[in-house]
Amino acid sequence: MNQNLTRRAALAAGATTGAVAALPAFASTDAALKDLAAAKGIRYGTAVGMNAFSDPKVRDLILRECNIIVPENELKMYVTHNKNATDYNFKPADELLAWAQANHIAMRGHNLFWARDEFTPNWLKTYDFGPKPKVAAEKLLRDYIATVADHYGDRLTSWDVVNETIDPKTGEVRENAFSRVLGMDTMRIAFEATREHLPKTQLVYNDYMSWEAGNENHRKGVLTLLRWFRDNKVPIDALGVQSHIGNGYDLLGGQVNQWKDFLDATVALDLDLLITEFDVDDQTIPTGDIEQRDAIVATVGRIYLDQMLSYKQTKDVLFWGMPDQYNWLQGFTPRADKLPLRPTPYDDQFRPKPLREAIAQAFRHAPAR
């Protein structure tokens, strides 16, 4: 792929309900996405929160299609460590893990440190680190990671150790409750502490830099951070590419060439790639016609997946919640016409959409890992 995604190509698919929209309907005999992915050495899965998990149809869908899950919010610090410096709550995540293990489904951890004050527990925002703040801050961070890591051990196959520390506008590292005391050492300490307690677990930096125009500073900042990790011998195994396609940007503004440059630079650092939070935001597609919207979503999703999966370093593909009604975008980026968004492979009746077949075809055509 040697040119940028064009509006003409994607809109043509929607205007004519072209090849993607006309893909064959899903049947119960079709191969599960997890099996198509596994044939190429890839894992396929989804995020799931307790609300979705309470729906038996969601659980059935995961069992049929997925071999890996990630808790949507249940392992974030504002759930696990929300009350004070000593209280912990693992109950929701433990419930998800017990179900996953009983059904032979892997589970990722998301996340140990979300580097944004707005998602930090209130007690930590105003915490008094005392007369030796650096010592106290490092101890608190290490103790937290040790407690969580030791609780789950190697039952989780992968952890997003640090999440979203790059400001997308400036490309600089964000300030947060820990970094105001520890600076860049915050991230070194987080990864070192995790590696100490989880020597065999995949450790990931996770962020939402994307391929659309407008993400240039974000991509540059993430690369600068990854190179800092390398230069400072920080133990990191992979970059988590969230892949919320079109979220906050023009869905049809994918910069294929620039994205390739970014991915090339990332894998040159000897890092794997994970698609950790995939969905395709159709908020800005002007038509309300479902068939046309689905065709555009499938077209863009297929182009993106083909490029990502062309890298053998891409090992996981996880959606950020499916079917449509359990995807976070419904409340986050509503359409102006108030119609429900259609960002996942399944609609609100659990019927497969063209995006599901686009994913299947991307796996079929991907090189083996």
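## D87 and the basis of the model

D87 sits in the loop that runs between α5 (77–80) and α6 (91–102). Helices (H or I, at least four residues) and strands (E, at least two) are DSSP runs, numbered from the N terminus. The model is predicted, so local features need pLDDT of at least 70 and side-chain atom pairs count only at pLDDT 80 or more, while totals for chains, interfaces and linings use all residues. Residues are numbered from 1 along each chain as its sequence is written, and side-chain values use heavy atoms, with hydrogens and water left out.

D87 has a relative accessible area of 26%, so it is partly exposed. Buried means under 20% relative accessible area, exposed over 50%, and partly exposed in between (1.4 Å probe, protein chains only). Not counting residues up to four places away in sequence, D87 touches T80 and H81; contact means heavy atoms within 4.5 Å.

## Salt bridges

Side chains of opposite charge can pair when their charged atoms come close. The structure holds 22 salt bridges, each being a side-chain nitrogen of Lys or Arg within 4 Å of a carboxyl oxygen of Asp or Glu. One of them joins R342 to D294, with the closest N and O atoms 2.7 Å apart. This pair links distant parts of the chain, 48 residues apart: R342 is in the loop between α14 (329–332) and α15 (354–365), and D294 is in helix α13 (residues 290–309). R342 is buried, with a relative accessible area of 13%, and D294 is buried at 7%.

D306 and R302 also form a salt bridge, their closest N and O atoms being 2.9 Å apart. Both belong to helix α13, and because they are four residues apart, about one helical turn separates them. D306 is partly exposed at 26% relative accessibility, as is R302 at 21%.

In the pair D324 and K353, the closest N and O atoms are 2.8 Å apart. D324 lies in the loop between β9 (314–319) and α14, and K353 in the loop between α14 and α15, so the salt bridge ties together parts that are 29 residues apart in sequence. Both D324 and K353 are buried. Elsewhere, salt bridges with shared partners join E138, R142, D185, R188 and E192 into one network.

## Nonpolar cores

A nonpolar core is a set of buried Ala, Val, Leu, Ile, Met, Phe, Trp, Tyr and Cys residues joined through side-chain atoms within 4.5 Å. The largest has 103 residues, of which Y44, Y205 and F363 touch the most other members. The contacts of F363, not counting residues up to four places away in sequence, include L33, L36, I42, Y44, L309 and V317. Another core, of six residues, lies apart from the largest; A47, I68, V70 and W320 are among its members.

## Helices α8 and α10

Helix α8 (residues 133–152) has 20 residues and reaches 29 Å from its first C-alpha to its last, close to the 28 Å expected at 1.5 Å a residue. The expected span is 1.5 Å times one less than the number of residues. Among the buried residues of α8 are L140, L141, Y144, I145 and Y152. G153 follows α8 and has a positive phi, near 55 degrees.

Helix α10 (residues 185–197) has 13 residues, and its end C-alpha atoms are 18 Å apart, in agreement with the expected 18 Å. Its buried residues include M187, R188, I189 and F191. The buried residues of α10 pack against β3 (106–114), α8, β4 (158–163), α9 (179–182), β5 (202–207) and α11 (216–231).
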